[in-house]
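Trainee: I would like a close look at a single part of this model, with the surroundings taken up afterwards as far as they help to place that part.

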Amino acid sequence: MTTYGRELLSHLLEQLPAGASPVTHTVDLPAREARYADWPSWAHPGLVDELRGRGLARPWAHQVATAEHAHAGRNVVVATGTASGKSLGYQLPALSALAADRGASVLYLSPTKALGQDQLSSVVSLVDSVPGLAHVAPASYDGDTPTDARPWIRENSRWIVTNPDMLHLSVLGRSRQWTRILRGLRYVVVDECHSYRGVFGSNVALVLRRLDRLARAMGAEPTFVLASATTSDAGVAATTLVGRECVEVTDDTSPQGGRTVALWEPPLMEGLSGENGAPVRRPAPVEASTLMAGLVAEGARTLTFVRSRAGAESTALRARERLISDHGARGRELAGRIAAYRAGYLAEDRRRLERGLAEGDLVGVASTSALELGVDISGLDAVVSAGFPGTIASFWQQAGRAGRRGQGALVVLVARDDPLDTYLVHHPEALL
């Protein structure tokens with residue numbers, strides 16, 4: 001049976017000259033059925049009723065397993081795939097605890113502002129809808145937070161969304177101003193914890209240890225809940241990061257639509273040679289912009305990942321130009337619904353782009369890794385990665401943006417003209 005991902009790939013290949021297929025390998029990943037569990041008996045009834053009202057009749061089994069560990073005070077890391085609902089695993093115990101204890105507080109740490117704002121919106125929506133949770137007053141405390149709003153947040157909010165840098169500088173560096181939060185600290189949520197590696201990861205590990213030490217000195221006993229992409233030894237990595245033993249939940253019980261993954265090697269450029277006469281391939285961002293234009297023209301909502309901020313801008317621009325030149329008036333309409341997304345935009349501009357992509361106003365976005373982590377974007381039909389992102393976990397994070405609601409999808413890895421990417425597209429077993 002021909003899947004939607006295969007149909008999109010066929011449309012792309014039909015636009016190429018006969019016999020000039022750049023696809024080196026294709027694989028169809030099967031769909032996965034969901035497995036459910038019952039709501040925990042300790043969960044706040046109003047919260048459960050609200051979630052049921054939103055169509056979540058029963059949670060997935062790994063969500064309940066994570067929530068049970070956290071509720072019992074065990075440090076836990078949930079390492080399941082993109083769009084597997086990891087957020088509910090910590091929202092359920094954390095909000096239930098805040099409902100039962102008005103002195104409790106939660107710190108949520110995110111590696112990117114986009115992810116932090118997405119999670120803040122989710123918590124605010126729940127708090128505003130559930131009676132008895134209005135006192136939680138979730139708030140973001142980062143570089144975008146207005147100076148005059150910060151004292152109110154320190155004095156009133158009980159769910160703080162921040163990042164490791166802000167935690168180090170503004171919270172732990174001024175701990176006397178944060179006595180209320182630290183004394184009542186019940187949960188510390190470390191989202192996308194696999195991104196904390198190398199020297200940066202070592203620095204974050206020290207900051208988390210300092211947070212734990214200060215909170216315990218004030219009488220709190222925080223529980224760490226970590227979320228990660230699917231990776232090996234998640235429990236060991238999480239234990240190393242927070243300095244306390246962490247149990248792991250790795251059995252992904254969420255549904256996943258079937259996906260077609262294609263490895264794409266751009267063609268050689270005629271009349272152009274590199275050092276010592278070596279042939280040169282078409283640049284991956286240029287090839288990716290052509291693919292994005294072709295997918296958008298087929299009606300596929302597409303997210304293209306590139307390696308740099310300038311690359312995001314130029315890829316979006318090339319895709320717009322290609323649509324206008326190839327499809328006339330319809331192309332101009334579609335070109336107006338393509339945008340670039342990167343760090344450096346004003347906060348309100350980033351939020352607008354995130355809403356546009358989530359709600360379908362945008363049909364194509366070229367982004368840096370800023371949209372790789374966690375942001376809940378539903379209904380995407382295709383993901384194009386312009387170059388291997390550096391780790392296999394990052395590649396699957398990007399691939400997971402497509403097919404997030406059970407429908408089929410296409411994922412294309414466009415190889416850059418370097419030895420690593422060339423190796424991967426010709427040795428798919430190393431990646432897939």
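What follows is one request about a strand and its neighbours, and then one connected answer.

Trainee: Which residues of strand β16 point one way and which the other, and which strands are joined to β16 by bridges?

Mentor: Before turning to the strand, please keep in mind that this is a predicted model. Strand β16 spans residues 409–414 and is mostly covered, with 6 of its 6 residues buried. Side chains in a regular strand alternate between the two faces of the sheet. In β16, Ala409, Val411 and Leu413 point one way, while Leu410, Val412 and Val414 point the other way, and all of them are buried.

The strand has parallel partners in β9 and β15. Strand β9, residues 259–264, runs parallel to β16 and is joined to it by 6 bridges, and within this pairing Leu263 has Leu413 as its bridge partner. Strand β15, residues 382–386, also runs parallel to β16, and here 5 bridges make the connection, with Val383 standing opposite Val411. Val411 is therefore one of the residues that point the same way as Ala409 and Leu413, and Val411 is also the residue that Val383 faces across the pairing.

The partner strand β9 deserves a closer look at Arg259, which lies in that strand. Arg259 is buried yet has no salt bridge, and the nearest side chain of opposite charge, that of Asp252, is 8.1 Å away; a salt bridge would need the nitrogen and the carboxyl oxygen to be within 4 Å. What the side chain of Arg259 does reach is the backbone oxygen of Ala399, at 3.5 Å. Leaving aside neighbours within four places in sequence, the contacts of Arg259 include Ala409 and Val411, both of which belong to the set of β16 residues that point one way. Ala399, Gly400 and Ala402 are also among the contacts of Arg259, as are Val27, Asp28 and Leu29.

Asp28 leads from this neighbourhood to one of the charged pairs, for Asp28 is in contact with Arg259 but forms its salt bridge with Arg6, the closest N and O atoms being 3.0 Å apart. Asp28 lies in strand β1 (residues 23–29) and Arg6 in helix α1 (residues 4–14), so this pair ties together parts that are 22 residues apart in sequence. Asp28 is partly exposed, with a relative accessible area of 37%, and Arg6 is likewise partly exposed, at 29%.

The structure holds 16 salt bridges, and some others may be set beside that pair. Glu287 and Arg282 meet through their side chains at 2.6 Å, N to O; Glu287 counts as buried at 5% relative accessibility, whereas Arg282 is partly exposed, with a relative accessible area of 25%. Arg337 forms a salt bridge with Glu333, with 3.7 Å between the closest N and O atoms, and here Arg337 is partly exposed at 26%, as is Glu333 at 42%. Asp212, Arg216 and Arg244 are linked in a network of salt bridges.

For context elsewhere in the fold, there is an open sheet of 7 strands in the order β4-β5-β3-β6-β7-β2-β8, with parallel pairing. Strands β4 (139–140) and β8 (247–249) stand at its edges, each with a single partner strand, so one side of each is left without a neighbour in the sheet. The partner of β4 is β5 (residues 159–162), which runs parallel to β4 and is joined to it by 2 bridges; Ala139 has Ile160 as its bridge partner there.

Burial is also found in helix α4 (residues 86–100), whose 15 residues reach 23 Å from the first C-alpha to the last, close to the 21 Å expected. Because 13 of these 15 residues are buried, α4 is largely enclosed by the rest of the structure. A further buried residue is Tyr341, with a relative accessible area of 1%, found in strand β13 (residues 338–341). Tyr341 and Ala370 are 29 residues apart in sequence and 7.7 Å apart in space, C-alpha to C-alpha, and Ala370 is one of the residues that Tyr341 touches, others including Ala114, Ala312, Arg350, Glu354 and Leu371.

Conventions. Residues numbered from 1 in each chain as written. Predicted model: local features only at pLDDT ≥ 70, side-chain atom pairs only at ≥ 80, totals over all residues. Heavy atoms only, no water. Pairing = 2+ DSSP bridges. Helix = DSSP H or I, 4+ residues; strand = E, 2+ residues; numbered from the N terminus. Buried < 20%, exposed > 50% of the residue type's maximum accessible area, 1.4 Å probe, protein only. Expected span 1.5 Å × (residues − 1). Lys, Arg positive; Asp, Glu negative; His and termini not counted. Polar contact = N/O pair within 3.5 Å; in protein donor to acceptor, adjacent residues only side chain to side chain. Contact = heavy atoms within 4.5 Å.
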